[in-house]
Amino acid sequence: MTIEVTAAILIIWFGIAIFLYRLDRKVKKIEEQLGEK
Amino acid sequence: MKTYNRILFLLFVFIIMPAVFMMALLWAPPAEFLGEASRILYFHVPVACLSVISFIAAGYHSIMILISENNIEEREYKSYNAAYTGIIFTILTVVTGSIWAKISWGSYWNWDPRETSIVILMLIYISYFSLYSALKDNVNRTRISSVYLLIAMITMPFFVFIIPRIYPSLHPDTIINAEKKVHLDAAMRLTLFASVVVFTIFYGYVFNLMNRISSLELKLQEKQNDN
């Protein structure tokens with residue numbers, strides 16, 4: 001039971017982590033574009 | 001993100017945080033009497049700590065708005081974002097606490113002093129967002145909402161630290177207790193400490209990201225106003 005809970009939490013966590021990483025990259029890109037103009 | 005920052009970020013979110021989750025769920029022993037359900041402690045305590053930290057951050061930026069004339073716009077979105085993260089962490093505290101209450105006490109909601117006081121605090125901060133939205137066209141919105149956040153921060157220690165200690169509670173002994181001793185096994189204490197640290201770093205990252213997005217929105221608004 002604990003293994004299943006851990007696996008579910010880790011899958012959700014990796015989803016959140018990938019989302020945040022992609023969001024951070026997008027923000028950085030917009031920051032660079034605004035800085036250049 | 002610079003290269004070394006990106007490596008640190010990837011290391012943190014893909015290795016350190018999952019490792020702490022695994023420590024909490026697989027390595028640390030279950031608490032005596034509370035059983036496996038006690039593992040929620042490693043999520044409930046960090047989010048509760050972070051809600052307090054966020055509200056203090058919101059109060060700090062509000063004080064700075066009121067006493068300083070510099071960077072008011074930056075401080076305004078920082079105080080707003082801090083209150084926003086604070087409310088998210090408070091909701092997570094209530095949800096994780098309710099799940100734990102269901103397992104330990106048999107009901108999701110027991111009108112325990114700690115449950116009631118945290119919900120009142122949550123309502124106080126939800127009111128801040130209503131006030132902030134209602135004052136959209138008011139020139140004094142920043143100052144009025146800052147005064148409100150300052151008053152909310154002053155009430156926070158009463159709801160979090162004082163009221164739950166005055167009335168008898170079902171809640172387990174807190175980390176900050178009258179005996180000044182942490183009643184936890186060494187492995188549990190280490191896991192809890194690691195969990196609080198990683199959640200705090202994660203909070204710092206999310207708060208920073210929110211502030212960067214708010215700063216971009218502000219810049220875009222300024223550009224639109226110039227055109």
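Which pattern does chain B follow when read along the sequence? In this predicted model, the pattern of chain B is α-α-α-α-α-α. The chain holds 6 helices and 0 strands. Its C-alpha trace spans about 65 × 45 × 30 Å along the principal axes. Chain B has 227 residues, of which 30% count as buried. Of the contacts in chain B between residues at least 6 apart in sequence, 78% join residues that are at least 24 apart.

Helix α3 of chain B covers residues 72–105, a run of 34 residues. At 1.5 Å a residue, a span of 50 Å is expected for α3(B); the C-alpha atoms at its ends lie 47 Å apart, and the two values therefore agree. The residue that follows α3(B) is B:Gly106, with a positive phi near 90 degrees.

The packing of two further helices was examined. Two packed helices are described by the distance between their axes and by the angle between those axes. For helix α2 (residues 41–67) of chain B and α6(B), the axes come within 9 Å and cross at roughly 45 degrees. An angle from 35 to under 65 degrees is neither roughly parallel nor roughly perpendicular, and α2(B) and α6(B) are therefore oblique to each other. Their crossing is right-handed. On the side of α2(B), the contact is made by B:Leu41, B:Tyr42, B:Val45, B:Pro46, B:Val47, B:Cys49 and B:Leu50. The residues supplied by α6(B) are B:Thr191, B:Leu192, B:Ser195, B:Val196, B:Phe199, B:Thr200 and B:Tyr203. Divided by class, the contact of α2(B) with α6(B) comprises 11 nonpolar and 3 polar residues, with no charged residues. As to the spacing within such lists, an α-helix has 3.6 residues a turn, so residues three or four places apart point the same way.

Contacts between the chains were also computed. In chain B, 15 residues are in contact with 15 residues of chain A. Helices α1 (3–27) and α6 (186–226) of chain B each contribute at least two residues to the side of chain B that touches chain A. The largest share of that side, 8 residues, comes from α1(B). By class, the side of chain B that touches chain A has 12 nonpolar and 3 charged residues, and no polar ones. Helix α6(B) thus appears in both settings: α6(B) contacts α2(B), and α6(B) supplies residues to the side that touches chain A.

Terms used: Residues numbered from 1 in each chain as written. Chains lettered and ligands numbered in written order. Predicted model: local features only at pLDDT ≥ 70, side-chain atom pairs only at ≥ 80, totals over all residues. Helix = DSSP H or I, 4+ residues; strand = E, 2+ residues; numbered from the N terminus. Buried ≥ 20, exposed ≤ 12 C-beta atoms within 10 Å, placed from the backbone. Contact = placed C-beta atoms within 7 Å. Nonpolar A, V, L, I, M, F, W, Y, C, P; charged D, E, K, R; others polar. Expected span 1.5 Å × (residues − 1). Axes fitted to C-alpha atoms, helices over the stretch in contact; angles between N-to-C directions. Parallel < 35°, antiparallel > 145°, perpendicular 65-115°, else oblique. Left-handed = near helix turned anticlockwise from the far one by under 90°.
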